[in-house]
Structures are given as C-alpha cells and as structure tokens.
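Work through the following exercises with the sequence and the coordinates at hand. Each task is followed by a stepwise solution.

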Amino acid sequence: MAFRIGACEQSAWENSRSFDGPGYRKLERGARGAGATPLSFLDKAVELRPGIITPVLEHDGLEVLAFMLHVEHDVIRELSVCLNEAEHRRAEGLRLERDRRRFVVSRGQLRQVLASRLGIAPSEIELEYGRLGKPHLSRRMPVRDLRFSVSRSGEVAVIALSIRQEVGVDIEAILPVPEADEIAAFCLSTSEYESYAALDPEDRLEGFLQRWTRLEAVSKALGCGLGQPMSWDEKDWAVRSFVPQPGYVGSVVVRK
C-alpha cells in the first residue's frame with residue numbers, strides 16, 4: 001500500500017456458481033450477505049484457507065471472491081500454466097520471489113474464474129488494457145458484458161465480478177498509517193473528511209482505510225489512477241464495504 005499525497009492533490013477526491021481446475025480445491029459459500037457496513041470490520045470476517053476461493057459478497061449481479069496468495073508450490077505451478085507469454089515476462093521481471101508468486105497466483109486465479117464464467121479454458125482468456133492499464137475482456141471473448149476488477153494486499157486477493165455495469169474493488173491490510181490524517185485532509189472530499197475527523201481516535205485507522213479503499217475502488221472502476229483528474233458523482237455509484245479476511249478491509253463500487 002503506497003499513499004502518495006502529491007497524487008491525491010491532483011484529483012477531485014479508482015452466473016456460474018461452480019469452479020474447477022488448478023487452485024480450486026473447494027468452493028465455499030460465504031456466510032455474509034451484502035448488508036450494511038458492520039460496526040467493526042473484524043466482526044463478520046471470513047477466515048480464508050489456502051487453495052480455497054471464498055465468496056464474501058453477493059448482491060444483484062455483483063460478486064466478490066476472496067482467496068489467499070500463499071499457496072502450495074504445486075498450485076503455483078498449475079496456475080502458472082494458465083498465464084500467457086506477456087504475463088510470464090511480467091512475473092519474471094519482478095525482483096522478489098514473493099512478488100512473483102503473488103502475481104502468478106492472482107492472475108492465474110483470475111483466469112480460472114473468468115474461464116469458468118465463459119465456458120472456455122483459462123489459457124484461452126484474452127485480456128485487453130485501457131490507456132492506464134485497466135484490464136478487461138477482449139471483444140473476441142464469448143461474453144462481453146462481464147466486468148471485473150482485482151485487488152490484492154499482503155497475502156489476500158479479491159476478484160469482483162459484475163454483469164454489464166463497471167466495477168471497481170480495493171482491499172487493504174489494517175496496518176498503521178502514521179500519515180493518515182494528512183492524507184485524508186488532501187484526498188477526501190469535505191464531507192468525507194469531516195466524517196473522518198469526527199471519529200474517535202481508536203476508530204480512525206479503520207475509518208481512514210474504509211474511505212481510502214472506496215476512493216481506490218472508484219478510481220479502478222473509472223479506469224484511472226488516483227493521480228489522474230477524475231469526475232464522478234456519488235449518486236451514480238453503489239458502494240459496499242466488506243471484510244475479505246480478518247485484519248483487512250475492502251470496498252467495491254458498481255455503476256448504477
């Protein structure tokens with residue numbers, strides 16, 4: 001997680017039900033619905049297990065799936081087979097083994113999920129990229145109205161899927177952010193900052209991360225980075241918070 005205040009200054013504020021294949025040892029239904037944000041992010045978290053994809057939010061054509069990035073070597077090898085040449089080059093270009101593993105697992109699982117929805121092999125998934133790198137399904141794919149967004153933090157990743165409507169998702173590990181107050185003052189809207197500043201000190205960290213993930217999710221849905229000028233109206237977006245794993249917070253946005 002990298003917070004760049006300078007970038008924030010420039011902005012005005014980012015049905016298949018079964019899976020199989022490598023990494024899909026089992027699909028478990030999450031016990032959580034898409035209700036209101038819980039008072040504590042840790043109250044209703046789903047405990048993820050390696051090799052298991054877990055739905056953590058479902059509502060009206062929107063689904064968020066969570067999984068761990070720390071998996072067994074045989075799963076990594078199987079998921080690696082799904083990647084194309086460009087993705088292999090990207091993985092090899094990462095300096096740390098940890099980062100290579102996380103990229104291979106997250107991209108391989110994305111291909112598995114998309115393939116299960118389109119009824120094709122994961123290696124046949126074709127992705128195209130927007131001007132700033134936002135991935136989307138190629139126009140040659142059999143289903144064109146399936147939108148997706150991916151986020152990862154630490155050893156957890158999520159995939160958000162939406163039918164027809166643009167979607168953006170972001171998660172963050174709940175870790176200290178010493179400059180949170182300063183970032184919030186630069187990045188948040190007036191009303192958002194006032195609600196953040198009104199929180200008790202013990203609630204500030206989670207409150208900041210909730211607002212930050214929402215900001216990142218909108219940025220991803222629009223296909224631009226937080227350092228890019230953007231124009232959006234809250235009335236045009238449905239925003240939902242969720243807990244992908246104890247110790248993490250997440251937000252997903254879908255255009256209404």
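**Exercise 1. State how much surface the protein exposes, and what share of it carbon and sulfur atoms supply.**

Step 1. The exposed surface comes to about 12600 Å², by the Shrake-Rupley method with a 1.4 Å probe, where for residues only the protein chains shown count as cover. Step 2. Carbon and sulfur atoms supply 48% of this surface. Step 3. Of the 256 residues of the protein, 48% count as buried; buried means under 20% relative accessible area, with a 1.4 Å probe and protein chains only.

The model is predicted: local features need pLDDT of at least 70 and side-chain atom pairs count only at pLDDT 80 or more, while totals for chains, interfaces and linings use all residues. Residues are numbered from 1 along each chain as its sequence is written, and side-chain values use heavy atoms, with hydrogens and water left out.

**Exercise 2. Describe the open sheet that contains S8.**

Step 1. The protein has 7 helices and 10 strands; these are DSSP runs numbered from the N terminus, helices being H or I with at least four residues and strands E with at least two. Step 2. The sheet consists of 3 strands in the order S8-S10-S9, with antiparallel pairing; two strands pair if DSSP finds at least two bridges between them. Step 3. Strand S8 (167-173) and strand S9 (237-242) are the edges, each pairing on one side only. Step 4. Between S8 and strand S10 (residues 248-255) there are 7 bridges. In S10, Gly250 is the bridge partner of Ile171, and Tyr248 stands opposite Ala173. Step 5. Helix H7 (residues 204-222) lies across S8, S9 and S10 and runs at about 145° to S8; the angle, on a scale from 0 to 180 degrees, is taken between N-to-C directions of lines fitted to C-alpha atoms, for helices over the stretch in contact.

**Exercise 3. Is Gly168 buried or exposed, and which residues does Gly168 touch?**

Step 1. Gly168 is located in strand S8. Step 2. Gly168 counts as buried because its relative accessibility is 0%. Step 3. Leaving aside residues up to four places away in sequence, Gly168 touches Ser149, Ala217, Lys220, Ala221, Ser251, Val252 and Val253, a contact being heavy atoms within 4.5 Å. Step 4. Val252 is 84 residues from Gly168 in sequence, yet their C-alpha atoms are 5.7 Å apart. Step 5. In S8, 7 of its 7 residues are buried. Val167, Val169, Ile171 and Ala173 point one way from the strand, and Gly168, Asp170 and Glu172 point the other way.

**Exercise 4. Identify the residues with the most contacts inside the largest nonpolar core.**

Step 1. A nonpolar core is a set of buried Ala, Val, Leu, Ile, Met, Phe, Trp, Tyr and Cys residues joined through side-chain atoms within 4.5 Å. Step 2. The largest such core has 28 residues, and those with the most contacts inside it are Phe67, Val105, Leu114, Ile125, Leu137, Phe148 and Leu161. Step 3. Strand S3 (62-68), helix H2 (73-80), helix H4 (97-118), strand S6 (146-153) and strand S7 (156-163) each supply at least two residues of this core. H4 gives the most, with 8 residues. Step 4. A second, separate core of 19 residues includes Leu48, Ala66, Val252 and Val254.

Terms used: Buried means under 20% relative accessible area, exposed over 50%, partly exposed in between (1.4 Å probe, protein chains only).
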